[in-house]
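Colleague: Please take me through one helix of this model closely, and then set a small sheet beside it for comparison of how such parts are described.

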Amino acid sequence: MRVGATIYPRTFWFVRPQEHAAVIGSVETDPRILPQAKAPWKDLSLKGRVEREFLYATLLSDDLLPFGWRAFSLIVLPLYQGKLLSSREAFIEGYPDLASWMEQTENHWETLKKSAMSLLERLDYHHLLTGQNLSAPYRVLYNTSGTHLAAVVLEGRVLANLTLHGWKVQGFIADTTTYYYETENRDEAHYLCALLNAPSIDTAIKPYQTKGAFGAQKGKGERHIHRRPFEVVPLPRYDSGNPHHRRLAELSQAAHERVRAFLADTRPEKLPQSIGKLRSLIRKSVINTQLEQIDDIIRTQLRG
């Protein structure tokens, strides 16, 4: 598992269509991202146009559900043939709109930065962005922090046809609020997803999670997850010859279908706005049977 890209500063890259925009690529900073933005960037709101080739999608941990997702986020990325373009390089390559957008971001960065890194070095910190495989057939994502683990399988064929706000995006990039695993094996992806959503695995990592100051006083408030599922629990690698592994993959696929149907059949205003409450509702009312069966296999067959 690898941590996703540091798509930062948030206000530079997370966007939505400008109101009444008639042209694809007329974007502005998405106000939904402002609570995650930090000073001095949180007071910035950019407007401009970018060519559609530079519109991508990501999934924040706040929108990640067990075996599903609430919503993808639209992002601008100066990603071209596996590298990131500066404003000058974008202009040379024939993308004047991206060049203008990048000029805005570069000027703000140079004025307000507290780092020796360039803007593109920060965006591709440790190559966490350009190191991702945009054509991966399957990705497993789970949240880097939170009280409880939640994981989902994203299929390449679905992401290849993804549209946000009616605009087709060029690909998917995992964000730093998630860890991800890329594989060409559908069953392996779903097997891992079943393990990461298992209540028994979630319980096992609880003593090793750091706690927030407020929650710690009540014996709650677990926060960081990071690699603890793999450090604390000896999770077996997927073995296609193991019937229990195949069964876990089947249960994950069934849970994904149940979550997808539940979200499709429920009006958004009827869903809890709190991601924690929505995850709890899904676990208790939508996929409780699958979770019980997953845990039974883990307890009796995988952990002894």
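Modeller: In helix α11, which covers residues 275-285, the buried residues are I275, L278, R279, I282 and R283, where buried means under 20% relative accessible area, exposed over 50% and partly exposed in between, with a 1.4 Å probe and protein chains only. This is a predicted model, in which local features need pLDDT of at least 70 and side-chain atom pairs count only at pLDDT 80 or more, while totals for chains, interfaces and linings use all residues. Residues are numbered from 1 along each chain as its sequence is written, and side-chain values use heavy atoms, with hydrogens and water left out.

Seen down the axis of α11, the buried residues fall within an arc of 130 degrees (taken from the directions from the helix axis to the C-beta atoms), so they line one face of the helix. On the face turned away from that buried side, α11 carries the exposed residues K277 and K284. The cover over the buried residues of α11 includes the strands β6 (64-65) and β11 (138-143) as well as the helices α10 (243-265) and α12 (288-302), contact being heavy atoms within 4.5 Å. Helices (H or I, at least four residues) and strands (E, at least two) are DSSP runs numbered from the N terminus.

As for the sheet, three strands form an open sheet in the order β2-β3-β4 with antiparallel pairing, two strands being paired if DSSP finds at least two bridges between them. Its edge strands, β2 (15-17) and β4 (47-49), each pair on one side only. Strand β3, residues 26-29, pairs with β4 in the antiparallel sense over three bridges, and V27 has G48 in β4 as its bridge partner.
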